[in-house]
Amino acid sequence: MITEFVEGSVLSRHQLLSALLKDQATCYRYLLVDPLKSVRLDEPLALANIKDVFPDDEFNAILRPDLSYEPTLCPHLILLAKPGETIEPELLDLMITRAEKERCHYKHYICAWISSELDIQHLAEKITGLGLLLGRLMAPEKPSFFPFYEHIRLQLLKESLSVESLLSGLFNFIHRYIYINYYDQLIEINPADNSSNNDFLLFSQVFLQNALQYQDEPKATFGLVKMWQDNTQTLPPNVLFLSAKKLLETKNSGFTNLEDRLAYALYCLIYQVDLISIESISPHISAAILAPGSLKRRLEQLDNDIWVSIKQNNN
């Protein structure tokens with residue numbers, strides 16, 4: 001099951017505390033952070049400061065094979081509270097303050113809050129295993145670790161899967177996974193009841209492989225959404241998926257230059273039309289494919305009446 005808290009703000013103390021209290025009696029509560037997002041050394045939650053304050057058994061690196069040469073670059077679990085314990089109010093406030101600071105950033109340092117019966121070492125191993133599983137599904141010919149905990153990637157995976165339980169099924173080793181998505185909503189993921197069933201796992205892999213094809217360029221997708229947002233008053237609820245899908249289509253259409261692909265995708269999304277199908281624009285598209293890096297200029301030089309006509313025809 002996936003729950004969205006959509007009260008209009010990025011995160012409230014009450015929402016987060018309520019979610020973390022649900023498993024207080026039986027579960028450890030953890031914070032998942034990503035040191036690949038730079039944090040000032042004077043921030044209390046910076047990894048260096050955490051290691052000075054927390055005992056060694058209360059933080060643990062999640063060893064990404066591609067970053068294991070330098071464990072400090074790997075994501076880390078931080079133990080917030082043991083079963084039966086409450087989370088310190090000051091610690092809760094620090095997490096919320098940090099999360100507020102990175103609302104509009106591509107990468108987040110605060111990745112998730114996790115409730116699990118597993119101790120910190122075994123939970124870290126399970127998270128590594130999930131990253132490796134998704135990496136193999138995404139690129140069987142060249143498998144790598146897939147950082148699913150990044151909020152852009154996880155939200156895009158959620159939007160790319162047509163069946164909600166497929167995402168929940170990935171988290172069968174925890175009680176609760178809570179993260180802030182691209183839209184500033186607090187999302188709570190609970191494991192699916194049938195996620196340990198072999199038939200479910202085989203069934204889900206087909207859909208996961210299809211969904212993971214849209215994960216090839218998360219930073220470009222993030223940038224495209226920002227540009228679309230700057231040019232449109234109202235965006236659809238699955239804007240990340242639509243942007244990633246359109247970017248993938250541009251690659252399959254023959255564009256080799258990223259700037260061209262972003263320009264083509266942006267105009268298609270703004271005007272809700274495939275530009276190559278417009279007779280007055282199609283020659284400019286073909287010319288830009290043969291002259292990489294020229295599409296944006298070509299589109300900007302088109303007569304404004306063309307764009308007005310396209311907009312009218314699609315209203």
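**Notebook: cores, rings and a surface patch**

I began with the largest nonpolar core, which has 35 residues, and noted that L32, L77, I114, F148, F171 and Y177 touch the most other members. Helix 4 (residues 120–138) gives this core its largest share, seven residues. I keep in mind that this is a predicted model.

I then looked up I114 and, leaving out residues up to four places away in sequence, found that I114 touches Y28, R29, Y30, L32, L77, L123, I127, I174, R176 and Y177. I also noted a second, separate core of 27 residues, with L31, L45, L47 and L92 among them.

Next I turned to the aromatic rings, where a search of the whole structure gave 14 pairs. One of these joins Y267 and Y271, which are stacked at 6.3 Å centre to centre with 15° between the planes. Because Y267 and Y271 are four residues apart in helix 10 (residues 258–271), about one helical turn separates them. I checked their exposure and found both Y267 and Y271 buried.

Y271 also forms a stacked pair with W307, for which I recorded 4.9 Å centre to centre and 25° between the planes. This pair links distant parts of the chain, since Y271 lies in helix 10 and W307 in helix 13 (residues 304–313), 36 residues apart. Both Y271 and W307 are buried. Elsewhere in my list, ring pairs link F145, F148, Y149, F171, Y177 and Y179 into a cluster.

Last, I looked at the surface, where F203, V206 and F207 make a nonpolar patch of about 270 Å². V206 sits in helix 7 (residues 198–212), and I entered V206 as exposed because its relative accessible area is 57%, against a cut-off of over 50%.

Note on methods:
Residues numbered from 1 in each chain as written. Predicted model: local features only at pLDDT ≥ 70, side-chain atom pairs only at ≥ 80, totals over all residues. Heavy atoms only, no water. Patch = residues over 30% accessible without salt bridge, like charges linked within 9 Å, V, L, I, M, F, W, Y side chains within 5 Å. Areas by Shrake-Rupley, 256 points an atom, 1.4 Å probe, with all protein chains shown as cover. Salt bridge = Lys/Arg side-chain N within 4 Å of Asp/Glu carboxyl O. Helix = DSSP H or I, 4+ residues; strand = E, 2+ residues; numbered from the N terminus. Buried < 20%, exposed > 50% of the residue type's maximum accessible area, 1.4 Å probe, protein only. Core = buried A, V, L, I, M, F, W, Y, C linked by side-chain atoms within 4.5 Å. Contact = heavy atoms within 4.5 Å. Phe/Tyr/Trp six-rings, centres within 6.5 Å; stacked < 30°, edge-to-face > 60°.
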